[in-house]
Amino acid sequence: MAKRKKKSLIVRLVEEMDAIAKAQMFARDRKEWGNKCGLCGRSDLRLDWNHLISKTKYSVRWNPINIYAFCIGCNMRHEFNPQYYTAWWLKRHGAEAYQALVAWSNIPAKFKSKDLKAMIEKAKAVEGPENDI
């Protein structure tokens, strides 16, 4: 049996930041929608975090306006038909905010472990989930 490769420090820190951002997003969205999907309103499917702009774009990966709690059905639909989520998002935040988020997402972001540690400490110190991470 092959040995399991140990995760790098960067990968562990990204996972920790993901967990913090996800918990803050769920807290925020449950206040507004309860245990329902923010997009379709269903409550019978598991909720997951959904990114308007791909989480591979680290410059906006943890930005609160880029992540919302949607059911796994809407999350999958966004994967292949992003216009539904995009239209919902534009109605909520507006075209100017969308353009700013897209521009911000195009700024390359490569974090060192010290940067991620600082982000984690800042995120842990945040009182409310609406605050920018």
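**Close-up 1. Ala123 in helix H5 of the predicted model.** Ala123 sits in helix H5. Its relative accessible area is 2%, so Ala123 is buried, the cut-off being under 20%. Ala21 is a distant partner in sequence, 102 residues from Ala123. In space, the two C-alpha atoms are 7.8 Å apart. Ala21 belongs to H1 and is buried there. H5, residues 113-125, is one of the elements that the buried residues of H1 pack against.

**Close-up 2. Helix H1 and what packs on it.** H1 covers residues 9-33, which makes 25 residues. At 1.5 Å a residue, a helix of this length should span 36 Å. The end C-alpha atoms are 35 Å apart, so the model agrees with the expected span. The buried residues of H1 include Leu13, Val14, Met17 and Asp18. Farther along the helix, Ile20, Ala21, Gln24, Met25 and Phe26 are among them. Arg28, Asp29 and Trp33 are also buried. An α-helix has 3.6 residues a turn, so residues three or four places apart point the same way. The packing partners of the buried H1 residues are strand S1 (47-51), strand S2 (67-71), helix H3 (83-93) and helix H5 (113-125). Just after H1 comes Gly34, with a positive phi of about 70°.

**Close-up 3. Pro64 in the loop between S1 and S2.** Pro64 has 7% relative accessibility and therefore counts as buried. The cut-off for that label is under 20%. Along the chain, Pro64 and Arg28 are 36 residues apart. Their C-alpha atoms are separated by 9.4 Å. Arg28 is one of the buried residues of H1.

**Close-up 4. An aromatic cluster with members in S2 and H3.** Ten aromatic pairs are not all shown here; the search of the whole structure finds 10. The rings of Tyr68 and Trp88 have centres 4.9 Å apart and planes at 80°, so this pair is edge-to-face. Tyr68 lies in strand S2 and Trp88 in helix H3, so the contact ties together parts 20 residues apart in sequence. Tyr68 and Trp88 are both buried. Phe70 and Tyr85 make another edge-to-face pair, at 4.7 Å centre to centre and 80° between the planes. Phe70 is in strand S2 and Tyr85 in helix H3, so this pair ties together parts 15 residues apart in sequence. Phe70 is buried, with a relative accessible area of 0%. Tyr85 also counts as buried, at 0% relative accessibility. Trp33 joins Tyr68, Phe70, Tyr85 and Trp88 in one aromatic cluster. Trp33 comes from H1, where it is buried.

**Close-up 5. The largest pocket.** The volume of this pocket is about 220 Å³. Asp48, Trp49, Asn50 and His51 are among the lining residues. Ile53, Ser54 and Lys55 also line the pocket, as do Asn75, His78 and Glu79. S1 and helix H2 (72-80) are the elements that give two or more residues to the lining. S1 gives the most, with 4 residues. By class, the lining has 2 nonpolar, 5 polar and 3 charged residues. S1 also appears in the packing around H1, as one of the elements that the buried H1 residues pack against.

Conventions. Residues are numbered from 1 along each chain as its sequence is written. This is a predicted model: local features need pLDDT of at least 70, side-chain atom pairs count only at pLDDT 80 or more; totals for chains, interfaces and linings use all residues. Side-chain values use heavy atoms; hydrogens and water are left out. The expected span of a helix is 1.5 Å times one less than its number of residues. Buried means under 20% relative accessible area, exposed over 50%, partly exposed in between (1.4 Å probe, protein chains only). Contact means heavy atoms within 4.5 Å. On a 1 Å grid over the protein atoms alone, a cavity is a set of points where a 1.4 Å probe fits but cannot get out, and a pocket is an open set with protein on both sides within 12 Å along at least five of seven lines; lining residues have an atom within 4 Å of a point. Grid points are joined across faces, edges and corners, and a volume is the space filled by probe spheres set on the points. Ala, Val, Leu, Ile, Met, Phe, Trp, Tyr, Cys and Pro count as nonpolar, Asp, Glu, Lys and Arg as charged, and the others, Gly among them, as polar. Rings of Phe, Tyr and Trp (its six-membered ring) pair if their centres lie within 6.5 Å; planes under 30 degrees apart count as stacked, over 60 as edge-to-face and the rest as tilted.
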